[in-house]
Amino acid sequence: MSASIDLPALVQSIKNWGRELGFAHVGIAGVDLAEHEQHLERWLAAGYHGEMDYMGAHGSKRSHPDELVPGTLRVVSLRMDYLPGDTQMAQRLAQPEKAYISRYALGRDYHKLVRKRVQHLAERIQKEIGPFGFRAFVDSAPVLEKAIAEQAGLGWIGKNTLLLNRKAGSYFFLSELFVDLPLPVDEPQASEHCGRCSACLDICPTKAFVGPYQLDARRCISYLTIELKNAIPEELRAMIGNRVFGCDDCQIVCPWNRFAKDTAENDFKPRHGLDNAGLAELFMWDEEHFLASTEGSPLRRAGYERWLRNLAVGLGNAPSTIVVLEALNARREHPSELVREHVEWALRQHAERQASPA
């Protein structure tokens, strides 16, 4: 790198180029994440990560960007809004026969789109200053993205463990560009702005928060419906309601999300009517239909078998209509033991409700 480069001017250019590429906020962080490293170690020691063994599988690389990518001096942190307009989140949650899918997952998978934009940013920097060392990440490696974003001034980590921004709430994706440039860093916010509010902690359907800033992922609906590979614990199934892929409750009630911005990216807009689909309708998709309808979608992460598992739980919590019961009975002989077990549980819920006095 040439010693004649005006680094403060380069940072401003990086932020301008980032906005041109669709990022709503760009900041620069250093590589000292010691405080967040201690929080991660305590979280892992408590077992709150459940089956997510990858959270502790990379030693200190997750909290040391310069170990993950040797030579890294700074991290460019970027935010891209994903909320696809008014998708009537509260209304869908109040309709137990409908399937609720976390709003980040209604459109195309964000990984490729966002990573391509980060790569374009790196190429633009290279065009300006010549070759330099870099690596782009979008939720694809052991990176403490929220900690980096907080240090880069993009917001603060709220009581629901998500990054919050005073002007944009929390409906956004984060990504990073590791660089070997000694760029001036941005100042983190002087303090967090959750105050006495505990709305996110109080609303959690499964009581996954063991305290402010502490999430037991083993009870989190996003973990249960996406990460967990086996049976969903029976004691948590009724609490899941109609949430079949992820959960947005702690974001929906967050006061800062009054300021959330709709995305400008068409790829994040709902596909296949998934923002207003019935549980029974989705449960009757065969695997071919599932694969065709989720091509390039975050829903593929669950896979067809777990997709049916999640929908069976939703159907067990739905009203005992003919459509719901017919859908469940149609899957009683499904080849997957996992699916059959959740179907039988769902049918028992309906039988018990029907047998109970009004």
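The surface that this chain exposes amounts to about 16200 Å², and carbon and sulfur atoms supply 50% of it. The structure is a predicted model, and the values below should be read in that light. Charge is also part of the picture: the chain carries 42 positive and 47 negative side chains. The centres of these two sets lie 3 Å apart.

Beneath the surface, 52% of the 358 residues of the chain count as buried. The secondary structure consists of 15 helices and 10 strands. With a radius of gyration of 22 Å, close to the 21 Å that the globule rule gives for 358 residues, the chain is therefore as compact as a globular protein of that length. Its C-alpha trace spans about 80 × 40 × 35 Å along the principal axes. The contacts show how distant parts of the sequence come together: among those in the chain with a separation of 6 or more, 77% are between residues 24 or more positions apart.

Attention may now turn to individual positions, beginning with Asp139. The UniProt annotation "active site", from an unreviewed entry, covers this residue. Where in the chain does Asp139 lie? It is found in the loop between strand 4 (134-137) and helix 6 (145-151). Its relative accessibility is 45%, a value between the limits of 20% for buried and 50% for exposed, so Asp139 counts as partly exposed. When residues up to four places away in sequence are not counted, Asp139 touches Tyr110, His111 and Glu145.

A second annotated group consists of cysteines. UniProt, again in an unreviewed entry, places the feature "binding site" at Cys204, Cys220, Cys247 and Cys250. Although these residues are spread over 47 residues of sequence, they cluster in space, with a largest C-alpha distance of 10.8 Å.

Two of these cysteines can be followed in detail, starting with Cys204, which lies in the loop between helix 7 (199-203) and strand 8 (209-211). Is Cys204 buried or exposed? Its relative accessibility is 10%, under the 20% limit, and Cys204 therefore counts as buried. Cys220 also belongs to a loop, the one between strand 9 (214-215) and helix 8 (221-227). Because its relative accessible area of 18% is under 20%, Cys220 is buried as well. Which residues is Cys220 in contact with, leaving aside its neighbours within four places in sequence? They are Thr206, Ala208 and Leu215.

Technical notes. Residues are numbered from 1 along each chain as its sequence is written. This is a predicted model: local features need pLDDT of at least 70, side-chain atom pairs count only at pLDDT 80 or more; totals for chains, interfaces and linings use all residues. Side-chain values use heavy atoms; hydrogens and water are left out. Helices (H or I, at least four residues) and strands (E, at least two) are DSSP runs, numbered from the N terminus. The radius of gyration is taken over C-alpha atoms; the globule rule is 2.2 Å times the number of residues to the power 0.38. Buried means under 20% relative accessible area, exposed over 50%, partly exposed in between (1.4 Å probe, protein chains only). Contact means heavy atoms within 4.5 Å. Accessible areas come from the Shrake-Rupley method with a 1.4 Å probe; for residues, only the protein chains shown count as cover. Lys and Arg count as positive and Asp and Glu as negative; His and the chain ends are not counted. The place of a charge is taken as NZ of Lys, CZ of Arg, CG of Asp or CD of Glu. UniProt positions are given in the numbering used here, feature names are shortened, and annotations may be inferred rather than shown by experiment.
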